[in-house]
Amino acid sequence: MEKVDLLIHSAGQVCVMPGVSGPQRGAALGTLGLVENGAVAVRDGRILAVGSTIELQSKYEAEEVMDADGRCLIPGFVDPHTHIPWMGDRAGEFEQRLAGATYMEIMATGGGIMSTVRAVRQASVADLVADNRPRLERMLALGTTSVETKTGYGLNLAAELKQLEAMRLLNEALPIELTYTFLPAHAVPEEYNGRTDAYVDLVIEEMLPAGAEWMRQHNVSLFCDVFCEEGVFDVAQTRRILTAAAELGYRLKLHADEFVGLGGTMLAVELGAVSADHLVRTPEADIQALGQGDTVAVGLPGTPFGLAEPDYTPAKAIIKAGGALAVATDCNPGTSWCESQQMMMALACRYMGLTQAQALAAVTINAAYAIGRGREIGSLEPGKQADMLLLDTADYRQLGYRYGINLVRMVVKNGRVI
Ligand code: NIG
Ligand code: FE
């Protein structure tokens, strides 16, 4: 008998969500790799084998044996787009929006992103860590084992670096695994009102090189992202920033087509961005481009929901074009304060027209590819990190169907039960 650290057996369903050679694209979205009465063997924090309970029980002798008692085992959720860390809240603005003001109107009068920027600029690194730690702990309890986090509430060099530092400390302190994105081009700060090009120059000449230096100093990789939107950064400005970022060694992401389809998605594909996110008002040509390129399309259904906007990411068209679709929370204080990928699955089923299996692939394997980590996380395949969730149900199809509760019973991160 071969020795392993952990053997979970008698799972009614093991949803492998296969994707070793790439994300689940087009019609392949929703491939479960379902093993009934299944088991998973873990060694050194990694998945060693997945198979039937009888087969694995006869092969492996485990330090720790766990009976899943017919429950469903799935990969840990990956949340590939959040705006953590931030300070404060914008409940007052939510009330204004309930009374009819729009998100972009509030932003144009100095509220919105800028009000969170004021709160973050005043905060210390320790404040940022203290306020965001419980948020990340809740996410982990809801089954998110890896999460993308970003800057973008600093909008000057010191405050942007402060956010990076908080992200790094949170990653060290918690079992949930963070990836880092630098987003100094999230909005034009008040000091640069009416001088967007001058702010773009500052981003390119001062902020991106400093972020690249931080990346080298800590030996981590950084994404660079831009909020490409009417009234924020146009396609030409976005291109300048992302081209400069790529030269400095950043991988690329993009906020595109949230309110107006400007061509940001096309640009993301052209520049080889790892993901293009939001994609609500995406033009047909851009949807076709997603089918041709490697950029993962990330739908954020919590955002139109939170804003009460009628349109969601056109998932069916993206799938038909052969694109790779992922889903994320966009967790932020302005448009979508939701920490739960389970809730996003429910919204994706109802408003993006996904099946539960497609929604599950979108928050696991494809979400892993959306942060460039599809080879290490997002599925229960041998060699991958043992990030797994034992659900409180025998059937994965309860995900997306039951919402507003936590269906995760147990979280395993890197082979360790949390
Ligand atoms: O993804 N669109 C830009 N950024 C966020 C909102 C951030 C905020 O309002 O604080 C989003 O929706
Ligand atoms: Fe966002």
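At 0% relative accessibility, Cys-331 counts as buried in this predicted model. This cysteine is a handy place to start, and its sulfur leads to the question of bonding. Cys-331 takes part in no disulfide, the nearest cysteine sulfur being that of Cys-338, 7.1 Å away. A disulfide is a covalent bond between the sulfur atoms of two cysteines. For a pair to count as one here, the two sulfur atoms must lie within 2.5 Å.

A second cysteine, Cys-224, is likewise worth a look. Cys-224 is buried, with a relative accessible area of 0%. Its sulfur remains unpaired because the closest cysteine sulfur, in Cys-228, is 12 Å away, too far for a bond. Across the structure, the number of disulfides is 0.

Attention now turns to helix H7. This helix covers residues 196-218, 23 residues in total, and spans 31 Å from its first C-alpha to its last, close to the expected 33 Å. Along the way, H7 bends by about 35° at Val-203. Val-203 is also one of the buried residues of the helix, which include Thr-196, Tyr-199, Val-200, Ile-204, Met-207, Leu-208, Gly-211, Ala-212, Trp-214 and Met-215 as well. In an α-helix there are 3.6 residues a turn, so residues three or four places apart point the same way.

What do the buried residues of H7 pack against? Their partners are two helices, H6 (157-173) and H8 (235-247), together with strands E8 (177-185) and E9 (222-226). After H7 comes Asn-219, which has a positive phi, near 55°.

Terms used:
Residues are numbered from 1 along each chain as its sequence is written. Chains are lettered from A and ligands numbered from 1 in the order in which they are written. This is a predicted model: local features need pLDDT of at least 70, side-chain atom pairs count only at pLDDT 80 or more; totals for chains, interfaces and linings use all residues. Side-chain values use heavy atoms; hydrogens and water are left out. Helices (H or I, at least four residues) and strands (E, at least two) are DSSP runs, numbered from the N terminus. The expected span of a helix is 1.5 Å times one less than its number of residues. The bend at a residue is the angle between axes fitted to the seven residues ending there and the seven starting there. Buried means under 20% relative accessible area, exposed over 50%, partly exposed in between (1.4 Å probe, protein chains only). Contact means heavy atoms within 4.5 Å.
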